[in-house]
Amino acid sequence: MATTTTYDRHFTTTQPHYGQQSHSQSTSKTLAIIALLPVGGVLLGLAGITFIGTLIGLALATPLFIIFSPVIVPAILTIGLAVTGFLASGTFGLTGLSSLSYLLNMVRQAAGSVPEQVDYVKGTLQDAGEYAGQKTKDFGQKIQNTAHEMGDQGQGGKEGRKSGDRT
């Protein structure tokens with residue numbers, strides 16, 4: 001049974017009666033402990049047997065490891081390096097393939113916009129050519145004007161020298 005308490009007109013709490021419900025909780029905990037105790041005991045026993053077997057195997061294998069260590073250590077190093085090499089080559093191969101795939105996708109995307117880019121480059125080159133031609137024409141005209149002015153001034157100066165006395 002539960003007792004209900006009301007306080008501050010807003011909160012209503014239900015508190016369990018400590019007789020019957022407490023008894024059912026302790027019963028379920030007891031049943032869980034009784035059910036799990038044999039399972040835990042069996043697992044703990046298997047862990048102990050495995051540990052003892054490992055110690056016996058290590059005790060028997062240690063002399064063999066010591067005797068054959070000049071052979072085993074280089075063999076383990078060789079196998080480890082070979083596995084590392086295979087993994088590295090596979091990684092490099094995958095990286096290369098993914099790079100080529102990325103470049104292929106970029107080329108495919110760029111292929112659709114190539115005609116537009118070619119037209120743009122043609123227009124830009126045509127504008128640059130016209131600009132360079134106009135600048136060249138203007139510069140040639142400037143050189144011609146400068147040469148004409150120099151010629152007029154130079155002829156007057158040369159005539160004066162020719163007609164004058166040599167002093």
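Why is Leu103 classed as partly exposed rather than buried or exposed?

## Leu103 and its surroundings

In this predicted model, Leu103 has a relative accessible area of 49%, and because partly exposed covers values between the limits of 20% and 50%, the residue takes that class. Leu103 belongs to helix H1, which spans residues 20–163.

On the surface, Leu103 is joined by Leu94, Leu97, Leu100, Tyr102 and Met106 in a nonpolar patch, and together these residues have about 680 Å² of accessible area.

## Chain architecture

The chain contains one helix and two strands, and, read from the N terminus, its elements follow the order β-β-α. Of the 167 residues in the chain, buried residues make up 0%. The area exposed by the chain comes to about 15,100 Å², of which carbon and sulfur atoms supply 68%.

## Annotated transmembrane regions

An unreviewed UniProt entry lists residues 31–58 and residues 64–88 under "transmembrane region". In the model, the span covering residues 31–58 is 100% helix and 0% strand, with its end C-alpha atoms 41 Å apart. Residues 64–88 are likewise 100% helix and 0% strand, and the C-alpha atoms at the ends of this span are separated by 33 Å.

Key
Residues numbered from 1 in each chain as written. Predicted model: local features only at pLDDT ≥ 70, side-chain atom pairs only at ≥ 80, totals over all residues. Heavy atoms only, no water. Patch = residues over 30% accessible without salt bridge, like charges linked within 9 Å, V, L, I, M, F, W, Y side chains within 5 Å. Areas by Shrake-Rupley, 256 points an atom, 1.4 Å probe, with all protein chains shown as cover. Salt bridge = Lys/Arg side-chain N within 4 Å of Asp/Glu carboxyl O. Helix = DSSP H or I, 4+ residues; strand = E, 2+ residues; numbered from the N terminus. Buried < 20%, exposed > 50% of the residue type's maximum accessible area, 1.4 Å probe, protein only. UniProt positions renumbered as here; feature names shortened; annotations may be inferred.
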